[in-house]
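Work through the exercises below with the model open. Each task is followed by a stepwise solution.

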Amino acid sequence: MKKYGIAIFIATLFASIWILSSYTKSYTQNEVFSYLIKDQAYKPSAIYSVETQIAKAPLISTQVIFKDEIDARYFYKKEQGKIIQYNQAPIKGVDDGAYIYKHHENK
């Protein structure tokens, strides 16, 4: 009986972590999308994709690709209650510093 209790506890723990992770990613993704539409005045049709990941640093990061620049990706995070763009990079390869990003936000 004790083995089943431990197994149920572990399964519940993993399920809880997965549910919380999924919720956090979805919520953050929606926050970034809303920021782009409301604060930056992009049309939803201008955005190709928005994908949030949980990683090391920053812990929660959202990658945005715009339809008019599908070879570049922009990274957003929430800091002190605000969504900020903290980096940009090419989809493939390394940023050599020569490329001018269309959607770069001045900090």
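A salt bridge is a side-chain nitrogen of Lys or Arg within 4 Å of a carboxyl oxygen of Asp or Glu. Keep in mind that this is a predicted model.

**Exercise 1. Salt bridges**

Task: find how many salt bridges the whole structure holds, and place their residues.

Solution.
- Step 1. Searching the whole structure gives two salt bridges.
- Step 2. Take Glu31 and Lys78. Their side chains meet at 2.7 Å, N to O. The cut-off is 4 Å, so the pair counts as a salt bridge.
- Step 3. Locate the partners. Glu31 is in helix H1 and Lys78 in strand S3. They are 47 residues apart, so this pair links distant parts of the chain.
- Step 4. Check exposure. Lys78 has a relative accessible area of 42%, which makes this residue partly exposed.
- Step 5. Take Lys77 and Glu79. Their side chains form a salt bridge at 3.0 Å, N to O. Glu79 is partly exposed, at 38% relative accessibility.

**Exercise 2. A lysine in strand S4**

Task: is Lys82 buried or exposed?

Solution.
- Step 1. Lys82 belongs to strand S4.
- Step 2. Its relative accessibility is 58%. Exposed means over 50%, so Lys82 is exposed.
- Step 3. Compare positions with Glu31. The two residues are 51 apart along the chain, and 9.6 Å separates their C-alpha atoms.

**Exercise 3. Aromatic pairs**

Task: classify the pairs Tyr42 with Phe66 and Tyr74 with Tyr101.

Solution.
- Step 1. The search of the whole structure yields seven aromatic pairs.
- Step 2. For Tyr42 and Phe66, the centres are 4.8 Å apart and the planes make 40 degrees. Planes under 30 degrees apart count as stacked and over 60 as edge-to-face, so this pair is tilted.
- Step 3. Tyr42 sits in the loop between helix H1 and strand S1, Phe66 in strand S2. The pair therefore ties together parts 24 residues apart in sequence.
- Step 4. Both partners are buried: Tyr42 has a relative accessible area of 18%, and Phe66 has 0%.
- Step 5. For Tyr74 and Tyr101, the values are 5.8 Å centre to centre and 80 degrees between the planes. This pair is edge-to-face.
- Step 6. Tyr74 lies in strand S3, and Tyr101 in the segment after strand S4. Parts 27 residues apart in sequence are thus tied together. Tyr74 and Tyr101 are buried.
- Step 7. Join the pieces. Tyr42, Phe66, Tyr74, Tyr99 and Tyr101 make up one aromatic cluster.

**Exercise 4. Strand pairing**

Task: how many bridges join S2 to S3, and over how many do S3 and S4 pair?

Solution.
- Step 1. S2 and S3 run antiparallel and are joined by four bridges. Thr62 has Tyr76 in S3 as its bridge partner.
- Step 2. S2 and S3 form a hairpin, with two residues between them.
- Step 3. S3 and S4 are antiparallel too, with eight bridges. Here Lys77 stands opposite Ile84 in S4.
- Step 4. The hairpin of S3 and S4 has two residues between the strands. In this hairpin, Gln80 adopts a positive phi near 50 degrees.
- Step 5. Return to Lys77. Its charged end sits over the ring of Tyr86, 5.3 Å from the centre.

**Exercise 5. A nonpolar patch**

Task: which residues make the nonpolar surface patch?

Solution.
- Step 1. The patch is made by Ile6, Phe9, Ile10, Leu13, Phe14 and Ile17. Its area is about 620 Å².
- Step 2. Ile17 is part of helix H1. With a relative accessible area of 48%, Ile17 is partly exposed.

Technical notes. Residues are numbered from 1 along each chain as its sequence is written. This is a predicted model: local features need pLDDT of at least 70, side-chain atom pairs count only at pLDDT 80 or more; totals for chains, interfaces and linings use all residues. Side-chain values use heavy atoms; hydrogens and water are left out. Rings of Phe, Tyr and Trp (its six-membered ring) pair if their centres lie within 6.5 Å; planes under 30 degrees apart count as stacked, over 60 as edge-to-face and the rest as tilted. Buried means under 20% relative accessible area, exposed over 50%, partly exposed in between (1.4 Å probe, protein chains only). A charge sits over a ring if NZ of Lys or CZ of Arg is within 6 Å of the ring centre and within 35 degrees of the ring normal. Two strands pair if DSSP finds at least two bridges between them. Patches are made of residues with over 30% relative accessible area and no salt bridge: like charges are joined within 9 Å, nonpolar side chains (Val, Leu, Ile, Met, Phe, Trp, Tyr) within 5 Å. Accessible areas come from the Shrake-Rupley method with a 1.4 Å probe; for residues, only the protein chains shown count as cover.
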